[in-house]
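Grab a pen and work through the exercises below with the model open next to you. Each one has a short task and then a solution in steps.

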Amino acid sequence: MNFYPLTFEPILKERIWGGTKLKTYLNKPISSEITGESWEISTVPNDVSVVSNGDLKGKNINELIALAPNEFLGTSVVERFGNQFPLLFKFIDAKEDLSIQLHPNDELAKERHNSLGKTEMWYVMQADENSRLVVGFKEDSNREEYLNHLENKSIVSLLNEMPVKKGDVFFLETGTIHAIGAGVVIAEIQQTSDITYRIYDWDRVDANGKSRELHTELALDAINYSKTASKIEYSALENKSNIVVDCPYFKTNVVPLQGNYSWKKKQEAFTVLMCTEGQFEFVYEEEFFIIKAGNTILLPASIATIEIKGIATILEISI
């Protein structure tokens, strides 16, 4: 199978907390005033990404994996995950605060939902003045204290609210209570899972006066009640792959591109490039690609060498 660098149609999601920055900031084709998410590459059931370029345009990602799993995913990925694409890539625009939530680990997710868990990371692409994120507990807590504050609607007083700026990175292990705050645009990399336990939604209701479902009981056994350090410090050397997150589920590097950069990618795994700022270009087998802020491109495992040029900030993700 002659795979090439692949782009996909964005899967756009309206959310009660969404806005318009995915259009104004990242040029996504949205018409709604409450678009909160652009799913860039997904195999979540009923939300499977479709190729938008080249000879394979119109085919979905699961069809491509079935054609040649080792060439597409890579041998090491197939050994671990079979023919399942193990990651989900998103851009998120929070016009308002997201709900306070958490995600179960692999064991709970498998037992309860026949799903993977949801370890994830955030890269802050843009942040309004005074914006913040909610990440974990300020201090070690426990179930009794947590439930008491949840019942009294004072749960936020236990949680760590952190101011954010462009370039900040947070790694969220399963069980970590978290929320994206208003005024933040992020790139999110996560396991392929759409399992979320919502514990508090700021007492808001939708246009019909209805509040969203909470998952109080399900969350109790999934929460990590310990204080956690989630913000990641990293180097940002120009024209280098700077390691940001290296966990069992994905490895993410930041590439601050200024001019030309080339590297040999691992052929035992696919690589995904998310452009968070600026733009870059490259040629592959005489086809010319321009990748701008808000674009995501997948390099199948069979591709060995990449040479790019431009001025951009790029997230490079692999397994």
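Before we start, one definition: two strands pair if DSSP finds at least two bridges between them. Also keep in mind that this is a predicted model.

**Exercise 1. Work out the strand order of the open sheet, and say which strands stand at its edges.**

Step 1. Walk across the sheet: seven strands line up as β1-β2-β5-β12-β7-β10-β14, with antiparallel pairing.

Step 2. Look at the two ends. β1 (11-19) and β14 (231-232) each have a single partner strand, so one side of each has no neighbour in the sheet.

Step 3. A bit of background: strands in a sheet pair through backbone hydrogen bonds, and the pairing can be parallel or antiparallel.

**Exercise 2. Find the partners of β12 in the sheet order, and decide whether its residues are buried or exposed.**

Step 1. In the strand order, β12 sits between β5 and β7.

Step 2. Take the β5 side. Strand β5 (residues 87-94) runs antiparallel to β12 (residues 184-191), and eight bridges join them. Aspartate 93 stands opposite valine 185, while alanine 94 faces valine 184.

Step 3. Now the β7 side. Seven bridges hold the antiparallel pairing of β7 (residues 120-127) with β12. Here tryptophan 122 is opposite glutamate 188.

Step 4. Check burial, where the cut-off is under 20% relative accessible area. Eight of the eight β12 residues are buried, so the rest of the structure largely encloses this strand.

**Exercise 3. Describe the surroundings of aspartate 168.**

Step 1. Place aspartate 168: the loop between β9 (159-163) and β10 (169-172) holds this residue.

Step 2. Its relative accessible area is 6%, so aspartate 168 counts as buried.

Step 3. Follow the side chain of aspartate 168, which reaches the backbone nitrogen of lysine 165 at 3.0 Å.

Step 4. List what aspartate 168 touches, leaving out residues up to four places away in sequence: Trp122, Tyr123, Val124, Pro163 and Lys231.

**Exercise 4. Trace the stacked rings that involve phenylalanine 282.**

Step 1. Use the cut-offs: ring centres within 6.5 Å make a pair, and planes under 30 degrees apart count as stacked. The model has 10 aromatic pairs by this rule.

Step 2. Phenylalanine 280 and phenylalanine 282 are 6.3 Å apart, centre to centre, with 15° between the planes, and the pair is stacked.

Step 3. For phenylalanine 282 and phenylalanine 289, the centres are 4.9 Å apart and the planes sit at 10°, so this pair is stacked too.

Step 4. Check the burial of each ring residue. Relative accessible area is 1% for phenylalanine 280, 3% for phenylalanine 282 and 5% for phenylalanine 289, and each of them is buried.

**Exercise 5. Say what caps the N-terminal end of helix α5, and what phi asparagine 114 takes.**

Step 1. At the N-terminal end of α5 (residues 106-113), the cap is asparagine 105, with a side-chain oxygen 3.2 Å from the backbone nitrogen of glutamate 107.

Step 2. Just after α5, asparagine 114 has a positive phi of about 50°.

Methods: Residues are numbered from 1 along each chain as its sequence is written. This is a predicted model: local features need pLDDT of at least 70, side-chain atom pairs count only at pLDDT 80 or more; totals for chains, interfaces and linings use all residues. Side-chain values use heavy atoms; hydrogens and water are left out. Rings of Phe, Tyr and Trp (its six-membered ring) pair if their centres lie within 6.5 Å; planes under 30 degrees apart count as stacked, over 60 as edge-to-face and the rest as tilted. Buried means under 20% relative accessible area, exposed over 50%, partly exposed in between (1.4 Å probe, protein chains only). A polar contact is a pair of N or O atoms within 3.5 Å; within protein, one must be able to donate a hydrogen and the other to accept it, and residues adjacent in sequence count only if both atoms are side-chain atoms. Helices (H or I, at least four residues) and strands (E, at least two) are DSSP runs, numbered from the N terminus. Contact means heavy atoms within 4.5 Å.
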